[in-house]
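Subject: Structure handover

Hello,

Here is the structure we spoke about, with notes on what turned up when I went through it. Please have it open while you read.

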Amino acid sequence: GGSSFKQVIRMNFNENSKNTESVIPGNLSKDEFDRLDRNEKYLLILLAEDSVCYKKCIDRVNQNLLQLDANINLLDKLSGHIESGKKAGSEYLLSVSELQDAEVLSGILNKFIMPPDTLKACKELMDKLHKGKISAKRDEICKKLNDTTLSDAERIKLMKELNNIILGKKE
């Protein structure tokens with residue numbers, strides 16, 4: 001049924017990661033960073049393993065869905081590789097990863113089970129990443145709005161941006 005993917009995610013994403021060298025962006029805690037990193041890498045694995053899924057999902061992934069630089073770089077390498085007609089797969093991702101990223105990928109792959117419906121799994125993961133990105137942006141704006149030195153013009157601009165996020169409009 002539909003719950004098998006969530007079980008795989010739970011199994012893969014709630015344990016401690018060894019990714020301590022990375023710069024943690026914004027106001028993410030170490031746990032939030034690790035969860036985001038593992039979710040992004042899990043999506044990259046699914047894209048690398050399933051060419052149909054890659055073709056159907058890459059446009060959405062390319063719209064700044066990934067937040068972490070290391071994973072954006074991996075996506076660029078993966079896309080270039082696939083677009084040039086070569087077969088990808090998780091082995092390719094591992095071969096072009098920095099050591100700390102390869103460790104996280106290996107941790108995921110050690111427990112990796114190809115979901116029965118890769119496309120559905122990718123879409124769920126993309127939705128999850130998108131919601132996380134929106135919520136991070138909202139929190140960032142709220143934090144800026146607490147700044148008492150903001151000009152009225154800046155405050156209005158931020159309020160409009162926040163309103164667009166709440167209404168679900170594109171930036």
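This is a predicted model. I begin with helix H3, residues 51-62. At 1.5 Å a residue, its 12 residues should span 16 Å, and the end C-alpha atoms are indeed 16 Å apart, so the expected and the modelled span agree.

The buried residues of H3 are Cys53, Tyr54, Cys57, Ile58 and Val61. Viewed down the helix axis, they fall within an arc of 140 degrees, so they line one face of H3. The background is general: an α-helix has 3.6 residues a turn, so residues three or four places apart point the same way. The other side of H3 carries Lys55, Lys56 and Asp59, which are exposed.

What does the buried face pack against? The buried residues of H3 pack against three helices: H2 (30-49), H4 (69-83) and H7 (118-145). Ile58 serves as an example from this face. Ile58 sits in H3 and counts as buried because its relative accessibility is 7%, under the 20% cut-off. Leaving aside residues up to four places away in sequence, Ile58 touches Leu75 and Ser79. Ile58 and Ser79 are 21 residues apart along the chain, with their C-alpha atoms separated by 8.3 Å.

Both ends of H3 deserve a note. At the N-terminal end, Asp50 acts as a cap, with a side-chain oxygen 3.0 Å from the backbone nitrogen of Val52. Just after H3 comes Asn64, with a positive phi of about 55 degrees. Most residues other than glycine have a negative phi, whereas Asn64 has a positive value without being glycine. Asn64 belongs to the loop between H3 and H4. Is Asn64 buried or exposed? Asn64 counts as exposed because its relative accessibility is 58%, over the 50% cut-off.

Two side-chain pairs elsewhere are also worth listing.

- Aromatic pair: a search of the whole structure finds 1. The pair is formed by Tyr42 and Phe112 and is edge-to-face, at 5.8 Å centre to centre with 65 degrees between the planes. Tyr42 lies in H2 and Phe112 in the loop between H6 (99-110) and H7, so the pair ties together parts that are 70 residues apart in sequence. Tyr42 counts as buried, at 0% relative accessibility.

- Polar contact: Asp101 is located in H6. Its relative accessible area is 4%, so Asp101 is buried. The side chain of Asp101 makes a polar contact with the side chain of Lys41, at 2.9 Å.

Finally, the totals for the chain. There are 8 helices and 0 strands, and the pattern along the sequence reads α-α-α-α-α-α-α-α. The chain has 171 residues, of which 38% count as buried. Among contacts with a separation of 6 or more, 66% come from residues 24 or more positions apart. The exposed area of the chain is about 10100 Å², with carbon and sulfur atoms supplying 52% of it.

Regards

Conventions:
Residues are numbered from 1 along each chain as its sequence is written. This is a predicted model: local features need pLDDT of at least 70, side-chain atom pairs count only at pLDDT 80 or more; totals for chains, interfaces and linings use all residues. Side-chain values use heavy atoms; hydrogens and water are left out. Helices (H or I, at least four residues) and strands (E, at least two) are DSSP runs, numbered from the N terminus. The expected span of a helix is 1.5 Å times one less than its number of residues. Buried means under 20% relative accessible area, exposed over 50%, partly exposed in between (1.4 Å probe, protein chains only). The arc is that of the directions from the helix axis to the C-beta atoms. Contact means heavy atoms within 4.5 Å. A polar contact is a pair of N or O atoms within 3.5 Å; within protein, one must be able to donate a hydrogen and the other to accept it, and residues adjacent in sequence count only if both atoms are side-chain atoms. Accessible areas come from the Shrake-Rupley method with a 1.4 Å probe; for residues, only the protein chains shown count as cover. Rings of Phe, Tyr and Trp (its six-membered ring) pair if their centres lie within 6.5 Å; planes under 30 degrees apart count as stacked, over 60 as edge-to-face and the rest as tilted.
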